[in-house]
Protein chains: 2
Amino acid sequence: MGAISRENDYYILVNVFTVAPENQDRIYDAIVDATEIIERFPGFVSANIHRSHDGMRVVNYAQWRSLEDFEAMRRHPSVQDHFKACRAITGDIVPIFCEVVYVHEPTSGDRALGGDRGTDDRES
Amino acid sequence: MGAISRENDYYILVNVFTVAPENQDRIYDAIVDATEIIERFPGFVSANIHRSHDGMRVVNYAQWRSLEDFEAMRRHPSVQDHFKACRAITGDIVPIFCEVVYVHEPTSGDRALGGDRGTDDRES
């Protein structure tokens with residue numbers, strides 16, 4: 001579950017919510033409440049919610065089937081109040097839309113420094 | 001590979017590198033170069049490097065066995081030049097040290113809104 005891989009071709013959003021430490025629980029709860037609605041939308045793959053140890057951030061690493069699925073959810077009336085609740089705690093929500101380009105694990109094989117870049121698949 | 005899970009109890013670092021779009025390739029290459037050294041240290045589990053579609057960010061989602069393993073790597077002389085190369089492109093590197101608290105996928109079962117929070121395991 002929650003596998004990060006280049007193969008599955010998911011659309012990735014990384015959302016970093018910055019708060020005062022006394023608000024970490026509030027933003028965490030608001031994101032979980034929102035996720036319980038969002039996960040019902042077509043194209044939702046996973047939400048992986050993290051709390052920072054310094055209490056100042058909550059990070060959501062989310063996977064969608066496509067940008068179109070995500071945008072359809074974001075426009076839907078049923079989620080607007082949840083986004084509003086999050087914004088009231090943390091300000092504007094600015095997701096980083098990105099793609100996995102490199103997954104590196106020691107088990108992926110021996111490699112000489114400066115040699116084969118392994119799982120790198122950039123088009124350039 | 002690259003599984004996000006509460007069960008494995010990894011120490012998570014999320015690093016968001018912000019750059020001008022013309023420098024996205026440079027910071028990406030510098031992070032990959034650094035990772036090829038870093039992956040040799042005890043306790044390294046995975047690095048998962050993402051490029052943002054707007055060209056302005058590279059996000060590394062990294063998993064370590066423990067904070068102690070990560071800190072031992074960070075202090076080691078062999079990595080200092082690589083960190084310096086990254087900082088020269090992007091400024092100070094400020095990882096978000098965090099833990100997975102909630103993994104949500106549609107396959108994890110039906111749940112009524114406001115009911116069982118499923119995989120949430122907060123201590124509070």
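In this predicted model, 51 residues of chain B are in contact with 51 residues of chain A. Together the two chains bury about 4,700 Å², and carbon and sulfur atoms account for 56% of that area. Several elements of chain B give two or more residues each to the side that touches chain A: helix H1 (24-38) and the strands S1 (11-18), S2 (44-52), S3 (57-64) and S4 (96-104). Sorted by class, this side of chain B has 25 nonpolar, ten polar and 16 charged residues.

A look at the polar side of the interface adds to the picture. Charged residues number 16 on the side of chain B that touches chain A, yet the count of salt bridges between the chains is zero. Polar contacts do occur, with 14 residue pairs counted between chain B and chain A, both residues being at pLDDT 80 or more.

The backbones of the two chains also pair. Strand S2 (residues 44-52) of chain A runs antiparallel to S4(B), and six bridges join these strands. Within this part of the model, A:Ala47 has B:His104 of S4(B) as its bridge partner.

Finally, how is one chain placed relative to the other? In general, two copies of a chain are related by a rotation about an axis together with a shift along it. Here, chain B is superposed on chain A by a rotation of 180 degrees with 0.0 Å of shift along the axis, at an RMSD of 0.0 Å. The two copies are therefore related as by a two-fold rotation axis. B:Ala3 is the residue of chain B that comes closest to this axis, with its C-alpha at 2.0 Å. Because 100% of the interface residues of chain B are also interface residues in chain A, the copies meet through the same surface.

Conventions
Residues numbered from 1 in each chain as written. Chains lettered and ligands numbered in written order. Predicted model: local features only at pLDDT ≥ 70, side-chain atom pairs only at ≥ 80, totals over all residues. Heavy atoms only, no water. Contact = heavy atoms within 4.5 Å. Buried area = accessible area lost by both parts, 1.4 Å probe. Salt bridge = Lys/Arg side-chain N within 4 Å of Asp/Glu carboxyl O. Polar contact = N/O pair within 3.5 Å; in protein donor to acceptor, adjacent residues only side chain to side chain. Helix = DSSP H or I, 4+ residues; strand = E, 2+ residues; numbered from the N terminus. Nonpolar A, V, L, I, M, F, W, Y, C, P; charged D, E, K, R; others polar. Pairing = 2+ DSSP bridges. Least-squares fit on C-alpha atoms with pLDDT ≥ 70 in both.
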